[in-house]
Structure formats: C-alpha cells, structure tokens
Amino acid sequence: MLVTLEGLDGSGKTTVWERLQSDDAVPSEAVFTREPTDTWYGDAVQRSIDDDGADSLAELFLYTADHAAHLSNTVRPALDEDRLVVSDRYSDSRYAYQGATLEASETFDDPLSYVREVHAPWTRPPDRTVYLDLDPETAAQRSGATNKFETADYLSTVRDNYERLIDADPARFVRVDATADPDTVYERVRAAIFD
Ligand SMILES: Nc1ncnc2c1ncn2[C@@H]1O[C@H](COP(=O)(O)OP(=O)(O)O)[C@@H](O)[C@H]1O
Ligand SMILES: Cc1cn([C@H]2C[C@H](O)[C@@H](COP(=O)(O)OP(=O)(O)O)O2)c(=O)[nH]c1=O
C-alpha cells in the first residue's frame with residue numbers, strides 16, 4: 001500500500017513522517033521515503049531549488065525525473081513485496097507546486113493539468129494521501145522562507161492547486177487540520193493510515 005503525505009512547506013509532514021518510523025503499529029518492513037529523493041536525481045532538484053532563476057519548465061522535468069527513478073528504484077520494488085510505503089511528498093507536490101510555478105510562465109492554459117498529463121502514462125498513484133491543511137501565512141512563517149517556494153503568496157496558489165486535486169479525487173485524500181497541536185495532528189494522520 002502506498003501512502004503519501006502532502007501539504008504546504010511547514011505543514012508538519014516531516015515531523016509526522018519521522019514519528020511514524022518509531023511507532024510500534026507500523027510494520028517493521030514498511031518503507032519510509034520522500035521526494036525530492038536523496039539520490040543524485042534529488043541533488044539535481046536541490047540545485048534547481050537553490051537557483052532562484054531556474055527555468056520553471058526545466059525544473060518540472062528535473063522533479064519528474066527524480067519521481068521516475070524513485071518509482072523504479074524504491075516504490076515499485078517495495079509494493080511488489082506487499083510492503084507499506086510512506087512517502088513524504090510525492091506526485092501531488094509536483095502538480096500543486098510546478099502547476100503554480102508554470103502559471104507565471106503563461107506557457108500552458110492549465111499548467112496543473114499539463115503536469116498531471118506528463119505523469120499519467122507511467123506514474124503509480126498513491127492509495128491514500130494525507131493532506132496536512134495549513135494556511136499559507138502560517139506555512140511561510142513556520143518554514144522560515146528557506147527557499148523560493150516558501151512565500152505566502154506563492155503558497156496560496158499551491159494551496160488552491162491542492163484543493164483542486166482533492167476535489168478531483170476525494171476518496172484518496174484525508175484532510176488533517178495542521179494547525180492543531182503536534183500530538184493531535186499525529187493521531188489524526190495515524191488514524192488516516194491505519195483505520
Ligand atoms: N502541529 C504543529 N504545530 C506547530 N508547529 C509544528 C507542528 N508540526 C510541525 N511544526 C513545526 O513546524 C516546522 C515545520 O515542520 P516540518 O515537519 O518540517 O514540516 P514540513 O515537512 O511539512 O515542511 C518545524 O519547526 C516543526 O517543529
Ligand atoms: C516533491 C516536490 C517538492 N517541491 C518543493 C516543496 C519544497 O518547497 C521543496 C523541497 O521539498 P521538501 O524538502 O519536502 O521541503 P519541505 O520539507 O519544506 O516541504 O520542493 C516541489 O516544488 N515539487 C515537488 O514535486
């Protein structure tokens with residue numbers, strides 16, 4: 001089963017993802033992973049993140065290349081062994097974030113749909129996605145604006161894109177209020193995965 005954690009920067013995904021790894025209820029053979037990955041593909045993505053002048057279309061394909069390698073090297077082999085896979089960010093981040101960056105380039109009438117079309121023939125959709133819902137202002141404040149994506153204005157567009165993705169596939173998403181205290185958020189994410 002493939003479970004993904006999604007949400008704006010600062011919504012608490014990594015905090016939950018790390019805590020799950022020491023939870024006795026989680027099968028010992030579960031695979032915990034993330035995007036961008038910690039491979040050379042992910043390194044290429046990080047170089048793009050660090051470049052404020054990066055071409056947004058090129059950046060899309062760097063993130064997408066990282067996803068393709070993530071699928072073949074990590075996700076598909078684990079699922080083939082019937083292991084639980086929990087990914088801190090996955091394809092919905094691409095649709096939401098690169099859908100937002102490509103808005104500005106005016107190359108596509110509907111960038112989010114284009115990014116989904118790029119993935120559709122070959123990606124492996126999640127079985128369950130937990131969306132940590134947080135307002136852009138708090139997200140930007142918590143994440144400390146450590147990269148070019150972490151501004152309230154940009155994250156507001158990203159949030160709108162996430163809402164579009166949830167509207168399009170409500171059965172896959174579980175929304176968790178990320179403004180709650182860390183223990184409450186964790187319990188709700190845990191319930192979304194195990195119930
Ligand atoms: N429920 C919460 N309430 C308040 N602050 C939180 C909560 N969850 C995480 N944080 C804090 O917010 C910041 C971002 O958390 P993190 O897990 O890195 O988020 P993400 O991985 O979604 O960017 C960290 O300083 C973390 O301690
Ligand atoms: C996976 C992914 C991440 N991102 C962005 C979100 C983050 O701002 C940045 C790095 O991801 P990450 O390290 O998860 O940042 P955070 O922990 O703050 O959420 O890359 C995309 O734009 N597209 C993607 O497909």
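In this predicted model, helices H5 and H7 cross with right-handed geometry. Two packed helices are described by the angle between their axes and the distance between the axes. For helix H5 (residues 111-119) and H7, the angle is about 60 degrees and the axes lie 11 Å apart. Angles of 65 to 115 degrees would count as roughly perpendicular; H5 and H7 are therefore oblique to each other. On the H5 side, the contact is made by Leu 112, Ser 113 and Arg 116. H7 supplies Asn 161, Arg 164, Leu 165 and Ala 168. By class, the residues of this contact are 3 nonpolar, 2 polar and 2 charged.

Helix H7 (residues 152-168) also gives the most to the largest nonpolar core, with 6 residues. That core holds 43 residues. Tyr 97, Val 130, Leu 155, Val 158, Tyr 162 and Val 189 touch the most other members. Beyond four places in sequence, Tyr 162 touches Glu 6, Gly 7, Leu 8, Arg 89, Asp 92, Ser 93, Ala 96, Tyr 97 and Tyr 131. A second core is separate and has 8 residues, among them Leu 2, Leu 71, Val 75 and Ala 78.

A charged residue, Arg 94, is placed in helix H4 (residues 91-105). The relative accessible area of Arg 94 is 2%, so this residue is buried. Outside its neighbours within four places in sequence, Arg 94 contacts Glu 35, Leu 60, Tyr 63, Thr 64, His 67, Gly 99, Val 115 and His 119. Tyr 63 is 31 residues from Arg 94 in sequence, yet the C-alpha to C-alpha separation is 7.3 Å.

Conventions: Residues are numbered from 1 along each chain as its sequence is written. Chains are lettered from A and ligands numbered from 1 in the order in which they are written. This is a predicted model: local features need pLDDT of at least 70, side-chain atom pairs count only at pLDDT 80 or more; totals for chains, interfaces and linings use all residues. Side-chain values use heavy atoms; hydrogens and water are left out. A nonpolar core is a set of buried Ala, Val, Leu, Ile, Met, Phe, Trp, Tyr and Cys residues joined through side-chain atoms within 4.5 Å. Buried means under 20% relative accessible area, exposed over 50%, partly exposed in between (1.4 Å probe, protein chains only). Helices (H or I, at least four residues) and strands (E, at least two) are DSSP runs, numbered from the N terminus. Contact means heavy atoms within 4.5 Å. Axes are lines fitted to C-alpha atoms, for helices over the stretch in contact, and angles run from 0 to 180 degrees between N-to-C directions. Angles under 35 degrees count as roughly parallel, over 145 as roughly antiparallel, 65 to 115 as roughly perpendicular and the rest as oblique. A crossing is left-handed if the near helix is turned anticlockwise from the far one by less than a right angle, and right-handed if clockwise.
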